[in-house]
Each structure stands twice: as structure tokens, then as C-alpha cells.
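Visitor: I'd like a close look at one part of this molecule, taken slowly, please. Could you start with how its strands sit side by side?

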Amino acid sequence: MSFKFFFLKLIGYKKPTIWQMIFRRIEIFYDSLYGLDFLSVISNKTLGLNEELVSKGSPSGNRYLYNVLKSLNIQKEDSILDIGSAKGSAMKYFTMFPFKNIHGLELSKKLVKISTNNFKILKKNNVKFFNKSAIDFQKYNDYNFFYLYNPFPESVMIKFLELLTSQIKHKEIIIIYNNPVCHNNVLDSGFNLLKTYPDMWGNGINIYSSLKKTNKINL
């Protein structure tokens, strides 16, 4: 590694930084002491997933996501579904708030097994996972909050949004979209951008509502 490349990584010009990489390894080691696995990354190829339909997965639970959740008016009757929940990194942060149900939708059977074990160890009874595709899921109406960390490309996002809006008719929908690559598709589906928050990588975390005015976010 050249000195120039090392220096750029150190100051954060190249991502992740050296310090972020070191801290991630420490976190992974700490989790392993308790039998947890939230942060190690498994490639789509290893999982047998089609890389043209599924974006590369990585953990998104961190202080940036926590700050977003803290700004929302989350009540005990609210339920959230993580679309592309992977190992449940983001969902661990959801458990810090009074959601009635915290569920994950994940295409990989292996990741569902890992994430289920994680929350079994943590003894979180309101956490559950579905091993299904987002375009085959038929229970979107059970939730009013949805979290996405850029789980799939535009072609799948369009189908997902069509299903979401067709299944949920008479209540507000809140979308928390981390790294909102398909932002325009969300707007085209009738959602309103409420606020954009910073994230670790400079991509932003957008909050959308199906309503123009909402009491679900503290602006």
C-alpha cells in the first residue's frame, strides 16, 4: 500500500477509513464472544443470490441510524419491516424503540438463520424474519414503517413500491431509505420526502411519508 493511498484512507477520502475498519473488526470480535454475528459480510455470490436483482449487503446499524429513529415519533402500536434485513444489524437498533413488531424480510435462507439466532441470544420476542422475496410478500399491510438499505436495483424497487401501495390503502406509510439510490422512484409512487439525514458514507438517509403532513417526524 502506497503512503498516498494509506493517508487518503486514514483521513476518510477513501471509504472505509483505516480506523473504521479497525473498529469494525473489534465489534465483530466482541459480538463473537456472545455468539452474535451482526457485522461480518458474506458476498451475494457465496449466498447464491443474483447480483443483478440484489444489491451487495452490508450492516447499517450505527449511530446515524439511531439519530434518525430518535427523531421519529414511534409509538407502541407501530410496526416496522426491514426489507433486505440480512443479519439484523439495523433491527438491533429498532429494538431500542417502542415498536410493537420488528420484522425482517430476507431472500437468503442462510442470513435468516444467522439473524434469527442473533435475536434469540438477545431474547427479543417481538423480532421475526421471513425468508421471502420483496415482490412475493403479501403482508405489507401489517406494518406502517419500512426500512431499506438500498436492497435492490430500480427494476425490483418499482415492483416493490407497486405492491406496497396496492396492499396499504387506509393508513400512513413511513419509509426510511438509507442510501436512497431509487429516490425518484419513491417520489413517482406518491411518497413525499420529509427530511434527509446524514449517514456514515455520505449517501444520506431519507424519510418519506405517504402523507404530505405527518406527526411521525419531529422536524
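In which sense, parallel or antiparallel, do strand 1 and strand 2 pair, and over how many bridges?

Guide: They pair in the parallel sense, over 5 bridges, with strand 2 covering residues 101-105. Before we go on, this is a predicted model, where local features need pLDDT of at least 70 and side-chain atom pairs count only at pLDDT 80 or more, while totals for chains, interfaces and linings use all residues. Residues are numbered from 1 along each chain as its sequence is written, and side-chain values use heavy atoms, with hydrogens and water left out.

The chain has 8 helices and 7 strands (DSSP runs numbered from the N terminus: H or I of at least four residues for a helix, E of at least two for a strand). Two strands count as a pair if DSSP finds at least two bridges between them.

Back to our pair. In strand 2, Gly104 is the bridge partner of Asp82. The chain gets from strand 1 to strand 2 through helix 5, residues 89-94, and this β-α-β crossover is right-handed (with the strands pointing away from you, the path from the first strand over the helix to the second runs clockwise).

Now look at what surrounds strand 1. It is largely enclosed by the rest of the structure, because 5 of its 5 residues are buried (under 20% relative accessible area, using a 1.4 Å probe and protein chains only). Ser79, Leu81 and Ile83 point one way and Ile80 and Asp82 the other way, and all of them are buried.

Just along the chain, Lys87 sits in the loop between strand 1 and helix 5. Would you guess a lysine there is buried or exposed? Lys87 is buried, with a relative accessible area of 4%. Setting aside residues up to four places away in sequence, Lys87 touches Asp37, Phe38, Ser40, Ile42, Leu111, Ile114, Ser115 and Asn118 (touching here means heavy atoms within 4.5 Å). Take Leu111 from that list: the C-alpha atoms of Lys87 and Leu111 are separated by 5.6 Å, although the two are 24 residues apart along the chain.

Let's step across to another neighbour of strand 1. Strand 1 (residues 79-83) also pairs with strand 4, again in the parallel sense, over 4 bridges. Asp82 turns up here too, standing opposite Tyr147 in strand 4. Strand 4 is largely enclosed as well, since 5 of its 5 residues are buried. Phe145, Tyr147 and Tyr149 cover one face and Phe146 and Leu148 the other.

Keep going and you reach strand 5, residues 174-178. Strand 4 (residues 145-149) and strand 5 run parallel and are joined by 5 bridges. Tyr147 has Ile176 as its bridge partner in strand 5, and Tyr149 has Asn178. Strand 4, helix 7 (residues 154-167) and strand 5 make another β-α-β unit, and it is right-handed. In strand 5, Ile174, Ile176 and Asn178 are buried on one side, and Ile175 and Tyr177 are buried on the other.

The next join runs the other way. Strand 5 and strand 7 (residues 205-209) are antiparallel, with 5 bridges between them. Ile175 finds its bridge partner there in Tyr208.

One last stop: the structure holds 1 cavity of 30 Å³ or more, that is, a set of points on a 1 Å grid over the protein atoms alone where a 1.4 Å probe fits but cannot get out, with lining residues having an atom within 4 Å of a point. About 60 Å³ of space lies in the largest cavity (grid points are joined across faces, edges and corners, and the volume is the space filled by probe spheres set on them). Residues you've already met help line it, including Tyr149 and Asn178, as well as Ile205. Pro59, Tyr64 and Trp201 are also among the lining residues.

Notes
Buried means under 20% relative accessible area, exposed over 50%, partly exposed in between (1.4 Å probe, protein chains only). On a 1 Å grid over the protein atoms alone, a cavity is a set of points where a 1.4 Å probe fits but cannot get out, and a pocket is an open set with protein on both sides within 12 Å along at least five of seven lines; lining residues have an atom within 4 Å of a point.
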